[in-house]
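Okay, thanks for coming, everyone. I'll put the structure up, and then we'll walk through it piece by piece.

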Amino acid sequence: MSKFVDKRVEVRCDSRNAPLAFRWNGRWAPVNRILEVWKDTGTWWDGEAEKTFYRLESTAGGLYELYLDNVNQTWFLYRIYD
Amino acid sequence: MRLIAHVFVRNFLVTAAWTDHPDLVGIPLAVIRKNRVSDVSPEAAAGGAFPGMTKRHALHACPGLKFVDFMAHAYRSKTTALAGHCYDLSPRVEVAAENEVFIDLSGSKPPTVQVLRGLAGNIVPSLGSSAVISLAPCRLLAKAAACIWLSAALCAHAPALPGLITRGYDNFHLCVVKNETAGMFASRLPVEVMWPLEGTVIKRLKALGLKTFGDITGIPPVMLRQQFGSQAPVIIGYSRGLDETNIPVFRPPDKVIYHACCEGADRTQLAELLKQAAVYTAKTLQARGESCRQLTLAVFLADCRTETKTSSFTRGKHEIRSIYYDSLNLLNRARIDGEVTEISLAAGELVPNRHSQLALFEDPRTLNSKAADHREKLAGLCRDLAAKYSPGVIAMGKALPTSRREQMLMFVDPFRYE
């Protein structure tokens, strides 16, 4: 089960633009490891921007999905897994 | 968005020594603390001495070097002055060392160069030779940026770090770490600048082969937990450039500050808190025999913004009711569009209670009284009052203003005849 969030979040990235930590509910959640990375072209024929998705595990053990809007360079928390 | 400024004053200790000993100006001078150099004058720096050296090494590098001892009590007033200048920018100011101050500028636009130049203008040259001001999303990175800049200034071949923007102005140097590049900047930092940690922890990190923040992010947190126990989450956060430590509200000695945490309080609860603030402020002012001519209300919001409203008045105030209504007006003027976490009421521009005067009038019915004991009674009253107040504060006689209907016999004004 997972909870759909899709809200903009503040993310701290390393030199390769991979997330190191993200801010959710007023707290910083450091990233333990990135489990998976993929690109989503979405409905490109409708002008939707390409997104880079990260499935990651926080140091507290939570599982999250974040994506980076490659056009605006903004980060969103897409999904939280139970 | 959080924004922390770190202000470092160069040659602070030497400048303080020059104030006490003007004869030491222009010669190589070093301030010594625990047998190590804490600060050097520009002449000593030109001779090869620099902070961190032992006394013996410094003397070897710069043979004519003079030494003065580090005296904490001598710097206190200058450090307070430094914090006072920073307090003009934000109510959240923390003194980190004699010559270092953190300012929380969260929620507001980054200060313009004009504002920073104004701050540096207050600091230089009375407190030091120049200032290093660094802006970053947290305390850790703000001070780290200053450390990196200072070490680069000492040895010209120090590598420039990506994510750190530096620029020199006439009396200060500005270092900026932007939020977007904070992670990149942090990952290249050496572990030595993880300054909130103790030296022993940094030594252990280095012994484990972890030389940069990036090295720490690259190893599994389980390993860090095995090595550092409860400190591991802190180290993990620091290695990613995260430091959520709040900067407390500064309490300048020339102000009366009431500060309270009130997570999620609505306007009614805030008004109740202001009543407590007014009672505290008024009682403190009355105990000190002072009145305030300025009230500043700071409302801290959950998204790190600070709403500050100030009201100034010509007449000093020290009554509960008056302070309460003024602070309530300030609350109504403040733009509160989020969850309030803390409030702070500061009473400033303190003046002595000049309006605490006592005028004694003789009863008109007894004017020109022939009563035999009239003068004796009056003289007794004067003696009692004279004993109560310090000499010179009670004036009597022809110099006093009198009205037609009443004759003023005595005028007690404790502050009029200072």
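Over all chains, there are 21 salt bridges in this structure, and keep in mind that we're looking at a predicted model. Let me pick one of them inside chain A. Lys39(A) forms a salt bridge with Glu50(A), and the closest N and O atoms there are 3.9 Å apart. So where do those two sit along the chain? Lys39(A) is in strand E4 of chain A, while Glu50(A) is in the loop between E4 and strand E5 (51-58) of chain A. That puts the partners 11 residues apart, and the pair links distant parts of the chain.

Now, the interface. How many salt bridges does the rule find across the interface of chain A and chain B? Just one. In this case Arg23(A) meets Glu244(B), side chain to side chain, at 3.2 Å from N to O. On top of that, nine residue pairs are in polar contact across the interface of chain A and chain B, counting pairs with both residues at pLDDT 80 or more.

Which pieces of chain A touch chain B, then? Strand E2 (10-13), strand E3 (19-24) and strand E4 (27-40) of chain A each supply at least two residues to that side. E4(A) gives the most, with five residues. By type, the side of chain A that touches chain B divides into six nonpolar residues, four polar and five charged.

As for the totals, the contact takes 15 residues from chain A and 16 residues from chain B. Between them the two chains bury about 1,400 Å², with 53% of that on carbon and sulfur atoms. If you want names on the chain A side, look at Arg12(A), Ser15(A) and Leu20(A): they lose the most area to chain B, and together they make up 40% of what that side buries.

Let's move on to chain B itself and its sheets. One is an open sheet of six strands, in the order E5-E6-E1-E7-E9-E8, with mixed pairing. Strand E5 (93-97) and strand E8 (164-168) of chain B are the edges, each pairing on one side only. From one strand to the next, the twist averages 20°.

There's a helix on this sheet too. Helix H5 (residues 113-123) of chain B packs on the sheet and touches strand E1 (4-10), E6, strand E7 (130-136) and strand E9 (172-177) of chain B. The direction of H5 makes about 135° with that of E9(B).

Let's take both edges in turn. At one end, E5(B) runs antiparallel to strand E6 (residues 100-104) of chain B, joined by four bridges. Val95(B) has Val101(B) in E6(B) as its bridge partner. At the other end, E8(B) and E9(B) are antiparallel as well, over five bridges, with a hairpin of three residues joining them. Arg167(B) is the residue opposite Leu174(B) in E9(B).

Last stop: an open sheet of three strands in chain B, in the order E3-E2-E4, again with mixed pairing. Its edges are strand E3 (36-40) and strand E4 (66-69) of chain B, each pairing on one side only. Here the twist averages 40° from one strand to the next. Strand E2 (residues 29-33) of chain B pairs with E3(B) in the antiparallel sense over four bridges, and Ala30(B) stands opposite Val40(B).

That's my tour, so let's open up the discussion.

Methods:
Residues numbered from 1 in each chain as written. Chains lettered and ligands numbered in written order. Predicted model: local features only at pLDDT ≥ 70, side-chain atom pairs only at ≥ 80, totals over all residues. Heavy atoms only, no water. Pairing = 2+ DSSP bridges. Axes fitted to C-alpha atoms, helices over the stretch in contact; angles between N-to-C directions. Contact = heavy atoms within 4.5 Å. Buried area = accessible area lost by both parts, 1.4 Å probe. Salt bridge = Lys/Arg side-chain N within 4 Å of Asp/Glu carboxyl O. Polar contact = N/O pair within 3.5 Å; in protein donor to acceptor, adjacent residues only side chain to side chain. Nonpolar A, V, L, I, M, F, W, Y, C, P; charged D, E, K, R; others polar.
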